Amino acid sequence: MTSSSVPNEPRGPVDSSRVPRYAGPATYARLPRLDEVGKTDIAVVGVPFDTGVSYRPGARFGGNAIREASRLLRPYNPAQDASPFALAQVADAGDIAANPFNIHEAVETIEAAADDLLATGARMMTLGGDHTIALPLLRSMAKKHGPVALLHFDAHLDTWDTYFGAEYTHGTPFRRAVEEGILDTEALSHVGTRGPLYGRQDLTDDEKMGFGIVTSSDIYRRGADEVADQLRQRIGDRPLYISIDIDCLDPAHAPGTGTPEAGGMTSRELLEILRGLASCNLVSADVVEVAPAYDHAEITAVAASHTAYELTTIMSRQIAANRAAAEDDKTAK
Ligand SMILES: [Mn+2]
């Protein structure tokens with residue numbers, strides 16, 4: 001498509017040939033802030049909240065660590081042959097101010113903020129935060145799209161019932177989501193699962209909720225292309241939400257996270273699987289559980305920034321394609 005079919009030329013990132021990458025405030029990919037562009041097609045938004053963690057805390061600092069590590073992202077993505085920030089307006093919408101002392105209130109705040117962003121027509125690229133935040137985000141998605149398909153990249157199932165009697169934690173969001181009927185139970189899968197469980201019952205319960213599982217071993221044995229093909233078939237053209245816990249990666253690729261498990265996929269495998277999903281109808285996505293205090297040399301934050309870049313590229317290509325199709329329709333009439 002030509003850029004003339006974009007109603008207003010998107011405002012792109014700061015020009016790194018004129019202003020050094022390490023200078024100035026760290027918005028995601030050095031993109032403009034939402035208040036600088038007024039309206040956006042994709043809102044990159046942080047949720048600095050980690051009151052739902054069960055082990056290492058610190059994911060509240062994840063969003064800003066990802067922004068800092070994203071300074072080196074360049075505007076053209078050769079793997080998808082696209083310039084995501086030229087095809088659609090992408091802007092940094094700042095952070096949702098969630099109460100760290102009251103999980104129920106935080107969950108409500110996140111849902112309301114997501115509702116506001118979606119009401120503007122934007123898709124969300126959310127930077128966590130711990131995985132608790134996926135529940136209010138999915139509630140908001142379901143209000144807009146109906147029950148959504150979900151690909152959940154994670155070492156863990158996150159479909160446990162409660163911890164210490166608490167229903168909202170980072171290990172329970174997807175059980176709550178199934179109970180609330182906000183997921184399309186024909187099109188759910190965990191990807192990258194591994195590590196010890198409490199018992200076999202964990203898997204039985206999970207399967208009853210409708211989840212398929214592509215384990216980390218499956219990815220190793222079958223490869224990224226075959227896995228992406230299988231996931232695409234399961235999802236079809238349903239509205240898809242992708243939630244990525246950075247602990248889906250091996251601790252060698254993502255040491256800075258709350259509950260690391262050995263034997264995970266590489267960052268290359270994750271990016272390749274995502275590229276294989278480029279034709280899916282991705283309505284929004286999140287990357288969560290980056291805990292920079294346990295990171296080294298920004299390994300985790302760099303992986304997360306590239307993961308968000310790949311997801312943003314998928315969405316911006318679809319936004320541009322939809323716009324071109326709408327233009328064609330108009331011309332045909
Ligand atoms: Mn998780």
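**Notes on the predicted model: confidence, metal site, salt bridges and strand S8**

1. Let's start with confidence. The mean pLDDT of the protein is 96, with 98% of its residues at 70 or more. Keep in mind that this is a predicted model. One stretch to treat separately is residues 1-6, where the pLDDT is below 50. Beyond near neighbours in sequence, those residues have nine contacts in the model.

2. Now for the metal. Which residues coordinate the manganese ion? The donors are His131 through ND1, plus Asp154, Asp158 and Asp245 through OD atoms, at 2.1 to 2.3 Å. If you want to find them in the sequence, look for the spacing H-x22-D-x3-D-x86-D.

3. Two of those donors are worth a second look. Asp158 sits in the loop between strand S4 (148-153) and H6, while Asp245 belongs to strand S7 (residues 239-245), so the pair ties together parts that are 87 residues apart in sequence. Are they buried or exposed? Asp158 has 4% relative accessibility, so it counts as buried. Asp245 is buried too, with a relative accessible area of 2%.

4. On to the salt bridges, of which the structure holds 22. A good one to look up is Glu111 with Lys143, whose closest N and O atoms are 2.7 Å apart. Glu111 is in helix H4 (residues 103-119) and Lys143 is in helix H5 (residues 134-145), so this pair ties together parts 32 residues apart in sequence. The surroundings of the two partners are worth checking: Glu111 counts as buried at 17% relative accessibility, whereas Lys143 is exposed, with a relative accessible area of 52%.

5. Next comes the salt bridge between the side chains of Glu180 and Arg139, at 2.8 Å from N to O. This pair links distant parts of the chain, 41 residues apart: Glu180 lies in the loop between helix H6 (173-179) and strand S5 (183-193), and Arg139 lies in helix H5. Here Glu180 is partly exposed at 35% relative accessibility, and Arg139 is buried, with a relative accessible area of 14%.

6. Take points 4 and 5 together when you open the viewer. Glu111, Asp115, Arg139, Lys143 and Glu180 are linked in a network of salt bridges.

7. For a local example, go to helix H6. Arg176 and Glu179 both lie in this helix, three residues apart, about one turn of the helix. They form a salt bridge, with the closest N and O atoms 2.8 Å apart. Arg176 counts as buried, at 5% relative accessibility.

8. Last, strand S8 (residues 281-288). How many of its eight residues are buried? Seven are, which leaves the strand mostly covered. S8 runs parallel to S7, joined by seven bridges, and Leu240 has Leu282 as its bridge partner in S8. Strand S3 (residues 123-128) also runs parallel to S8, with three bridges between them. On that side, the partner of Thr126 in S8 is Asp286.

9. One more thing about S8: together with S7 and helix H10 (residues 267-275), it makes a right-handed β-α-β unit. S7 has come up before, as the strand that holds the manganese donor Asp245.

How values were computed:
Residues are numbered from 1 along each chain as its sequence is written. This is a predicted model: local features need pLDDT of at least 70, side-chain atom pairs count only at pLDDT 80 or more; totals for chains, interfaces and linings use all residues. Side-chain values use heavy atoms; hydrogens and water are left out. Helices (H or I, at least four residues) and strands (E, at least two) are DSSP runs, numbered from the N terminus. Buried means under 20% relative accessible area, exposed over 50%, partly exposed in between (1.4 Å probe, protein chains only). Donors are N, O and S atoms within 2.8 Å of the metal (3.2 Å for Na, K and Ca); water is not among the atoms, so sites may look incomplete. pLDDT is the predictor's confidence in each residue, from 0 to 100. Contact means heavy atoms within 4.5 Å. Two strands pair if DSSP finds at least two bridges between them. A crossover is right-handed if, with the strands pointing away from the viewer, the path from the first strand over the helix to the second runs clockwise.
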